[in-house]
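Subject: Structure handover

Hello,

Here is the structure I said I would pass on. Please open it beside this email and follow along.

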Amino acid sequence: MPLTIGGTGTFARALALAAGLTAGPALAQTLSNNSYGVPGLIDMPSAQMQPNGELTTTLQVLSNASGRVQLAFQLTPRLQGVFRYGTIPNFLPVAGTVNSFERTFDRSFDVRYQLLTENIWRPAVTIGLQDFGGTSLFGAEYVVATKTFRDRWTVTGGIGWGRLGTRGNFTNPLGIIDSEFEVRPALDFGVGGDFEPDQWFQGDAAFFGGVQYQFNDRLVLKAEYSSDLYVEEQDQGVVGELNAFNFGFDYEVRTGLSVGAYLLGGREVGATVTFALNPKRPANGSGLEEAPLPITLRPARATQPDLWTEAWVGNGSVERPVTDALAVLLDDAGLKLIAYNLDGDTAEVRFRNLRYGSTSQAIGRAARAMTATMPASVETFVLVPISQNGLTGTAVVLRRSDLEALEFDPTGTQQIEALAGLVDAATLNDEDLIYRDDAFPRFDWSIGPYTAITTFDPDNPLRIDLGVEVASRYEPIRGLVFRGAVRQRLIGNRDEFDREAGSLLTPVRTDSPEFANTAGPFIPSLTASYFFRPGKSLYARGSFGYLETQFAGVSAEVLWKPTYSRLAIGAEVSRVVQRSFDMDFNLQTLDATTAFVSGYLDHGNGFISQLDVGQYLAGDRGATFTLTREFDNGWAIGAFATLTNVSSEEFGEGAFDRGIRLTIPLSWVTGRPSRRRQVLLIQPIQRDGGARLNLNDRLFPMVRDQTPPDLTDEWGRFWR
């Protein structure tokens, strides 16, 4: 008698259970990193990916004093990038000696892309390039598949090339396509830093694989068959002969922190520590800021009839108390009233946002304060945020009655965004503005510690100076800004860099250690700048003085950024002279002219690209491309690369300029609203090629958060 199963869905579930598969694991799977800082077993990678946006730092050490520091970022759900800084003892031959070796330090980058995601029937499949440029000390390529069984077992298998094709290797199967795949060309990395695509997926290949067992919610046991023979390390005597099997475990101490240990090839002991955070998971949830003022409903016309007419216009006994009360409420909300214009039914308010990372949140708080202070006849609110340097961007026009009606509406955020009018503030009439008495002149000063950090140079992973800084800022009128600082280094090691520059270009950056060597007080910058709007969609800046630590001169910039456009285009030209190494008021004879045309494109979903084309400080010409992923809470992670018309030999060590920029908002850490952000630049090495001025006040960063799409992308914070 035939067996009948009710429906194809029931049949599929029965078959899955018979195969030992499950669509929804009952035990939470722990995703662990391998020793190279990517999801995997011990040395071998897996096809898994970290959660979208995850940022992980993995520290790995071996008993032979080798070690690696790895920073990995899950750029998209399927794309992951890795920066690595590794060291191996007694590896690099000492020049001019025989059988003498010294410790080597190596920087490398990985990229991984998940071709297939895992489902009930198929494994996840990922393709990866490991250390795909430079010295390729850890260079490898792989295609790997991973499948989870039940709620505890994860099985991984793959094929590797390069370093992962040295044990149990065989002729490259890609030779079927072209016989050139069968031979991996000898690596000639020259001064390091060049991509070597003719190495990728070339030469012998080998299989690798392993298994992971989820012992409980915290502990993961791992075993693997490794296809890495550690050829170069064995040749140099750094490690002894290793067998093919590695065993280890990972233990999750708490969310975001895990530790692991492993036995490599039967003789080397290793340990890992992994720190993980995700910009989407702030330490204090959605924030700890104080609740905003409630929307104040207007009184009935019968109770205050004069306030419902224009009779109060021009009456100082009404206008002055109204604006004074508004200034107080704005101040309590972390906003500064700069100027206003009132008539019978419209109130225009210009203010500075001193507290909130989101401009839309500042606009929402300002609108609430206006409902509490404006006479009842005022129906239209025009809110104009002003940047810290006096630039206006987009004016937001709101109907007061909409605010009164939508404060508690479940769809209030979407409706108020749809009803708001967005206009270029340059089109507004400035002639009737009344500036507050305390708006200008404006003077601020501060005293506190400073840090100057150099990361991952070829001889030291971290160089840092600590000292004290006194800074001041003076704004006599809107847009004209004088600012400067004096620093005194107290302790540090940035001056100990003594590596040969290796650059044949004009020394515009390789003299940096000379600037770091100053012992007395120094001036990092001292400038006069003017910011203004030449016309609709246009922004401009002119700067003069000691523009940065190493150069003084003049700089001018103009930016075209229409209100609703995702595209912006800018141009910048600067004429500079190198400063004295003591960073006082004296100058040297080296001079330079730089000029750039820049394009900025908001791709949506938090991705911003930037292309700068022009002439750099050393006279070389080329382009810098930057891709940044930004999060609504202020986090930003970006990578950049510069290619110019100089050869690798002229550029020197590194071959071309590149780096990673990480921006961390203070509010993400504390939960309190703040505009302060910490920027960490990870730049493995900087030479004279591709060098630009380090200006603090370029236009695009200060304009974009005051205009759509940034302004509207964060509109969900309007009511907060």
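What follows is a short account of what was found in it.

Please keep in mind that this is a predicted model.

The barrel

Twelve strands, S1 to S12, make a closed barrel in which the pairing is antiparallel. Ignoring direction, neighbouring strands in this sheet are turned by 20° against each other on average. As general background, strands of a sheet pair through hydrogen bonds of the backbone, and the pairing is either parallel or antiparallel.

A good place to look at the pairing is around strand S9. Strand S8 covers residues 205-214, and six bridges join S8 to S9 in the antiparallel sense. S8 and S9 form a hairpin, with four residues between them. On the other side of the pairing list, S9 (residues 219-225) is joined to S10 (residues 245-254) by seven bridges, again antiparallel.

Which residues stand opposite Lys222 of S9 in these two pairings? In S8 the residue opposite Lys222 is Gln212, and in S10 the bridge partner of Lys222 is Gly248. Leu219 also has a bridge partner in S10, namely Tyr251.

The open sheet

There is also an open sheet of six strands, in the order S17-S16-S15-S14-S13-S18, with mixed pairing. Strand S17 (421-424) and strand S18 (434-435) stand at the edges; each has a single partner strand, so one side of each is left without a neighbour in the sheet.

Within this sheet, S13 (residues 335-342) and S14 (residues 346-353) pair antiparallel over seven bridges. One facing pair here is Leu342 with Ala347 of S14. Helix H3, residues 316-332, packs on the sheet and touches S13 and S14, and the direction of H3 makes about 155° with that of S13.

Helix H4 (residues 359-373) lies across S13, S14, strand S15 (380-386) and strand S16 (394-399). The angle between H4 and S15 is about 140°.

The two helices

How do H3 and H4 meet, and at what angle do their axes cross? The axes come within 9 Å and cross at roughly 145°, and the crossing is right-handed. On the H3 side the residues that meet H4 are Val322, Ala325, Leu326, Leu329 and Leu330. On the H4 side they are Ala366, Ala369, Met370, Ala372 and Thr373. Sorted by class, this contact has nine nonpolar residues, one polar residue and no charged residues.

H4 has 15 residues and reaches 21 Å from its first C-alpha to its last, close to the 21 Å expected at 1.5 Å a residue. Is H4 mostly covered or mostly open? H4 is mostly covered, with 14 of its 15 residues buried.

A loop residue

Last, look at Asp306, which lies in the loop between strand S12 (268-277) and H3. Why is Asp306 classed as exposed? The relative accessible area of Asp306 is 56%, and a residue counts as exposed over 50%, so Asp306 falls in that class. Asp306 and Asp430 are 124 residues apart in sequence, and their C-alpha atoms are 28 Å apart in space.

Regards

Definitions and conventions:
Residues are numbered from 1 along each chain as its sequence is written. This is a predicted model: local features need pLDDT of at least 70, side-chain atom pairs count only at pLDDT 80 or more; totals for chains, interfaces and linings use all residues. Side-chain values use heavy atoms; hydrogens and water are left out. Two strands pair if DSSP finds at least two bridges between them. Axes are lines fitted to C-alpha atoms, for helices over the stretch in contact, and angles run from 0 to 180 degrees between N-to-C directions. Contact means heavy atoms within 4.5 Å. A crossing is left-handed if the near helix is turned anticlockwise from the far one by less than a right angle, and right-handed if clockwise. Ala, Val, Leu, Ile, Met, Phe, Trp, Tyr, Cys and Pro count as nonpolar, Asp, Glu, Lys and Arg as charged, and the others, Gly among them, as polar. The expected span of a helix is 1.5 Å times one less than its number of residues. Buried means under 20% relative accessible area, exposed over 50%, partly exposed in between (1.4 Å probe, protein chains only).
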